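Please open the model in a viewer and keep the selection panel at hand. The stops below are best taken in order.

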Amino acid sequence: MQNFDLIIIGAGRASNIAAKAGKLGKKVALIEKSTLGGTCPNRGCVPSKLLIGYAQKIREIKESKKHFIRAIIDDIDQEEIFKRTNEYIYSVEENYKKKLNDNVTIFKGEGSFLDNKIVKVNNTKLTAPKIIIATGTRPTKVPFENAWTSDDIFPLIKEIPDSITIVGGGFIACELANFFDAIGVETTQLVRGDTLLENEDEEISEIFKEQYCKNVNVKFNISIKNALYKNNSFEIELDNDETYKNDALLFAIGRASNADTLKLENTNIKLNEKGFIKRDEFFQTDVEGVYVVGDASGEHMLQHAAAFEMNHLFKMLFEDEKEPLKFKYMPHAVFSHPEVASVGLTEKKAKEQNIKYVTSTTSWLASAKAQALKIKYPRTKFILNPDTYEILGCHLIGYESATMIHQVLAIMHLQNDIRNLKEMLYIHPALSEALLPAAVQAVKAIHEYKESKKI
Ligand SMILES: Cc1cc2nc3c(=O)[nH]c(=O)nc-3n(C[C@H](O)[C@H](O)[C@H](O)COP(=O)(O)OP(=O)(O)OC[C@H]3O[C@@H](n4cnc5c(N)ncnc54)[C@H](O)[C@@H]3O)c2cc1C
């Protein structure tokens with residue numbers, strides 16, 4: 001049995017905890033069954049956003065006629081795009097190793113529990129007073145042989161398909177389908193329902209759908225009955241009996257918990273109904289000293305959420321932090337075309353939760369920089385508490401939405417009152433200035449509401 005101060009199972013974002021604890025002189029065991037760095041740099045956020053960079057440039061060139069420029073794309077070097085993206089992915093393991101130090105012992109293999117405090121990896125038994133489970137998630141299993149998930153395409157496949165079908169309507173599907181379509185792969189996206197990005201505010205997802213479908217061929221209310229891989233291509237049969245051939249088939253239909261790899265039946269750790277590990281507000285599982293953070297908790301499934309949680313857990317374990325992490329507002333973005341960013345409640349959620357709210361939706365076009373983009377759809381939608389002026393939700397669609405939302409986030413984190421966004425100084429006519437009329441309009445909507453209720 002090997003003794004450590006800390007055992008970490010899963011070297012995704014938790015590698016940072018290992019590095020920091022090691023620096024403090026703690027003896028750390030870091031167990032990873034795949035590549036150090038986890039999903040985000042190897043097969044998630046980073047490579048997918050590197051691809052989006054190419055897609056965005058291509059879209060801008062294709063849409064340049066709005067600026068009275070006639071441009072023809074002569075060639076897209078797909079192989080170079082794939083090669084450059086793969087170069088980044090191949091550097092991840094080494095870069096993560098460099099971040100670690102001599103106090104961190106890396107165990108390559110699948111970690112599982114023998115009991116509440118003993119972890120086994122390969123044939124080695126380890127124990128520590130503190131154990132962190134940071135095992136993330138994996139793509140939901142694909143129903144057809146030879147079909148891919150996002151895990152299978154990073155590092156990027158050697159053979160670039162001429163045609164691809166992507167199943168799913170969530171953010172991963174919409175980011176990847178936008179990329180493949182933009183670089184010239186004939187792309188078909190299949191969606192079970194009639195919406196894209198169904199977790200977004202309805203008003204925003206409707207605008208998204210309208211704009212996105214101008215580029216990507218999406219079939220709604222459809223699923224695959226059968227997909228047979230024969231002679232290097234798929235024969236796809238849809239549930240409306242339509243059949244067609246495509247070189248590749250990729251499923252982006254959700255993520256599943258990795259908790260089933262941990263042999264938790266040997267412990268008192270409990271799972272929730274979705275198979276994710278239960279925890280309290282201090283990230284602690286049902287076993288004292290065993291914590292779960294990041295995607296493994298099934299709560300946010302975002303890299304910045306995982307990072308935020310892990311920083312806090314580190315402070316709780318090795319510094320003087322006594323308070324639980326309270327992040328009321330978890331933002332996210334969809335880096336597709338168009339770009340979407342969102343934080344807090346959607347209107348539907350506010351309704352479901354029976355919360356008193358006022359909404360206000362404003363176009364960005366009062367801003368000269370927004371006008372210069374020559375796109376009409378960008379919008380800001382606020383969901384507000386009319387009694388306190390609190391921003392309950394903010395939803396943006398338009399160029400650089402993920403960047404734009406940060407000024408709203410700052411207000412929400414510091415002193416959440418829409419009037420602060422209205423009173424602050426904006427550089428004229430920066431794109432961010434589009435949020436000024438949105439804030440003015442939002443305050444007006446609250447006053448009109450109060451007036452109508454005679455408050
Ligand atoms: C295509 C894609 C795009 C994404 N884009 C974004 C984005 O734009 N923005 C964003 O915020 N988030 C994005 N995400 C989500 C983001 O990648 C995750 O939220 C983040 O990686 C979670 O970090 P984590 O450390 O909790 O888990 P992970 O990074 O998944 O790390 C878990 C690690 O545990 C290992 N492991 C699992 N079980 C065991 C075991 N039993 N023993 C040993 N090791 C084990 C795994 O191999 C993995 O390395 C994206 C995800 C995908 C798939």
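Begin by selecting L435, A438, A439, A442 and I446, the buried residues of helix α13 in this predicted model. Seen around the helix axis, these residues cover an arc of only 100°, which places them on the same side of α13. An α-helix has 3.6 residues a turn, so residues three or four places apart point the same way. Next, colour K444, E451 and S452, which are exposed on the other side of α13.

Now extend the selection to the partners of the buried side. The buried residues of α13 pack against the strands β21 (358–363) and β22 (379–384) and against the helices α11 (401–414) and α12 (418–423).

Does the length of α13 agree with what its residue count predicts, and what is the end-to-end distance? Helix α13 runs over residues 435–453, and at 1.5 Å a residue its 19 residues should span 27 Å; the end C-alpha atoms are 27 Å apart, which agrees. Step on to K454, which follows α13 and has a positive phi, near 55°.

Return to β22 and select L384. Discounting residues up to four places away in sequence, L384 touches Y357, V358, Y389, E390, I391, L392, I418, A442 and I446. Two of these contacts, A442 and I446, are among the buried residues of α13.

Widen the view to the largest nonpolar core, which has 70 residues. L384 is one of the residues with the most contacts inside this core, together with L176, L250, V340, I391 and V408. Helix α6 (residues 171–182) supplies the largest share of the core, nine residues. Another core lies apart from this one; it has 47 residues, including A11, A14, A128 and V290.

From α6, move to helix α7 (residues 202–212) and select its buried residues, I204, S205, I207, F208 and Y212. Viewed down the axis of α7, they fall within an arc of 160° and so line one face of the helix. Their packing partners are α6, β20 (340–344), β22 and β23 (391–397).

Finally, colour the model by domain: domain 1 (2–139 + 256–318), domain 2 (150–253) and domain 3 (339–453). Taken over C-alpha atoms, the centres of domain 2 and domain 3 are 32 Å apart. Their contact takes nine residues from domain 2 and 11 residues from domain 3. On the domain 2 side, the residues touching domain 3 comprise four nonpolar, one polar and four charged.

Key:
Residues numbered from 1 in each chain as written. Predicted model: local features only at pLDDT ≥ 70, side-chain atom pairs only at ≥ 80, totals over all residues. Core = buried A, V, L, I, M, F, W, Y, C linked by C-beta atoms within 7 Å. Buried ≥ 20, exposed ≤ 12 C-beta atoms within 10 Å, placed from the backbone. Helix = DSSP H or I, 4+ residues; strand = E, 2+ residues; numbered from the N terminus. Contact = placed C-beta atoms within 7 Å. Domains from an automatic or database assignment. Nonpolar A, V, L, I, M, F, W, Y, C, P; charged D, E, K, R; others polar. Expected span 1.5 Å × (residues − 1). Arc of directions from axis to C-beta.
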